[in-house]
Amino acid sequence: MRRKLRDLVVFPLEGLDLSRIQANKTSSNNTNGDKGEASQLYDLYGVIHHQGALSGGHYVSSLKSELDGQWRLFNDAQIYEIHARDVIDASAYILFYMRRDVAENSSLSDFWDLKQIATLNEEEMDNLVKGKAD
């Protein structure tokens with residue numbers, strides 16, 4: 001019988017350095033004079049956690065607020081403030097990183113229409129999440 005892996009994978013909250021596995025490239029738009037090193041650092045901003053067995057379970061998410069830098073756990077209708085060290089655990093399933101140079105020069109509203117999302121009803125939100133929105 002197949003079982004869900006429950007091994008702890010330790011991952012960095014800040015400064016994931018992909019320079020050793022990315023191809024070297026020089027960019028004409030790199031203005032920080034560091035040959036692109038900063039553009040290869042990634043910071044974690046979200047984690048999807050799976051709790052349960054391989055055949056079923058429950059998903060929760062941990063997100064770092066871009067407003068106050070606080071980590072929060074979202075579990076259905078409950079939201080809890082958590083410590084950054086609690087984000088790294090064996091239930092981590094999907095990790096969301098943002099390249100540091102992008103994060104320093106942008107916000108979520110550059111990638112998502114937050115005004116539209118705030119006005120959606122539950123059915124419209126379900127459709128958006130499922131990829132059926134117009």
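# Exercises on strands, rings and salt bridges

Lysine 64 is partly exposed, with a relative accessible area of 30%. Here, buried means under 20% relative accessible area, exposed means over 50%, and partly exposed lies in between (1.4 Å probe, protein chains only).

The model is predicted: local features need pLDDT of at least 70, side-chain atom pairs count only at pLDDT 80 or more, and totals for chains, interfaces and linings use all residues. Residues are numbered from 1 along each chain as its sequence is written, and side-chain values use heavy atoms, with hydrogens and water left out.

## Exercise 1: the overall layout

Work out which pattern the protein follows along the sequence.

Solution.
- Step one: list the elements. The protein has three helices and six strands. Helices (H or I, at least four residues) and strands (E, at least two) are DSSP runs, numbered from the N terminus.
- Step two: put them in order. The pattern reads β-β-β-β-β-β-α-α-α.
- Step three: check the burial. Of the 134 residues, 16% are buried.
- Step four: check the contacts, meaning heavy atoms within 4.5 Å. Take those between residues at least 6 apart in sequence: 57% join residues at least 24 apart.

## Exercise 2: the bridge of lysine 64

Find the salt-bridge partner of lysine 64 and say which parts of the chain the pair ties together.

Solution.
- Step one: fix the rule. A salt bridge is a side-chain nitrogen of Lys or Arg within 4 Å of a carboxyl oxygen of Asp or Glu. The structure holds five of them.
- Step two: name the partner. Lysine 64 bridges to glutamate 14, with 3.5 Å between the closest N and O atoms.
- Step three: place both ends. Lysine 64 is in strand S3 and glutamate 14 in the segment before strand S1 (16–17), so the bridge ties together parts 50 residues apart in sequence.
- Step four: look at the cover. Glutamate 14 is exposed, because its relative accessible area is 52%.

## Exercise 3: a network of charges

Which residues are linked with Arg72 in a network of salt bridges?

Solution.
- Step one: start from one pair. Arginine 72 and aspartate 68 form a salt bridge, their closest N and O atoms 2.8 Å apart.
- Step two: extend it. The network links Asp68, Arg72 and Glu81.
- Step three: compare the cover. Arginine 72 counts as buried because its relative accessible area is 19%. Aspartate 68 is partly exposed at 49%.

## Exercise 4: two ring pairs

Describe the aromatic pairs found in a search of the whole structure.

Solution.
- Step one: fix the rule. Rings of Phe, Tyr and Trp (its six-membered ring) pair if their centres lie within 6.5 Å; planes under 30 degrees apart are stacked, over 60 edge-to-face, and the rest tilted.
- Step two: count. The search finds two pairs.
- Step three: take tyrosine 45 and phenylalanine 96. Their centres are 6.2 Å apart and their planes at 50°, so the pair is tilted. Tyrosine 45 is in strand S2 and phenylalanine 96 in strand S6, so this pair ties together parts 51 residues apart in sequence. Phenylalanine 96 is partly exposed at 32%.
- Step four: take tyrosine 59 and tyrosine 93. This pair is also tilted, with 5.9 Å centre to centre and 55° between the planes. It links strand S3, home of tyrosine 59, to strand S6, home of tyrosine 93, across 34 residues.
- Step five: add the cover. Tyrosine 59 is partly exposed at 48%. Tyrosine 93 is exposed at 52%.

## Exercise 5: the surface patch

Which strand supplies the largest share of the nonpolar patch?

Solution.
- Step one: fix the rule. Patches are made of residues with over 30% relative accessible area and no salt bridge; like charges are joined within 9 Å, nonpolar side chains (Val, Leu, Ile, Met, Phe, Trp, Tyr) within 5 Å.
- Step two: list the members. They are Tyr45, Tyr59, Leu63, Tyr93, Ile94 and Phe96, with about 560 Å² of accessible area together. Areas come from the Shrake-Rupley method with a 1.4 Å probe; for residues, only the protein chains shown count as cover.
- Step three: sort by strand. S3 (56–64) and S6 (92–99) each give at least two residues. S6 gives the largest share, three residues.

## Exercise 6: beneath the surface

Is histidine 50 buried or exposed?

Solution.
- Step one: place it. Histidine 50 is in strand S2.
- Step two: read the cover. Histidine 50 is buried, because its relative accessibility is 9%.
- Step three: list neighbours, leaving out residues up to four places away in sequence. Histidine 50 touches residues including Lys4, Tyr59 and Tyr93.
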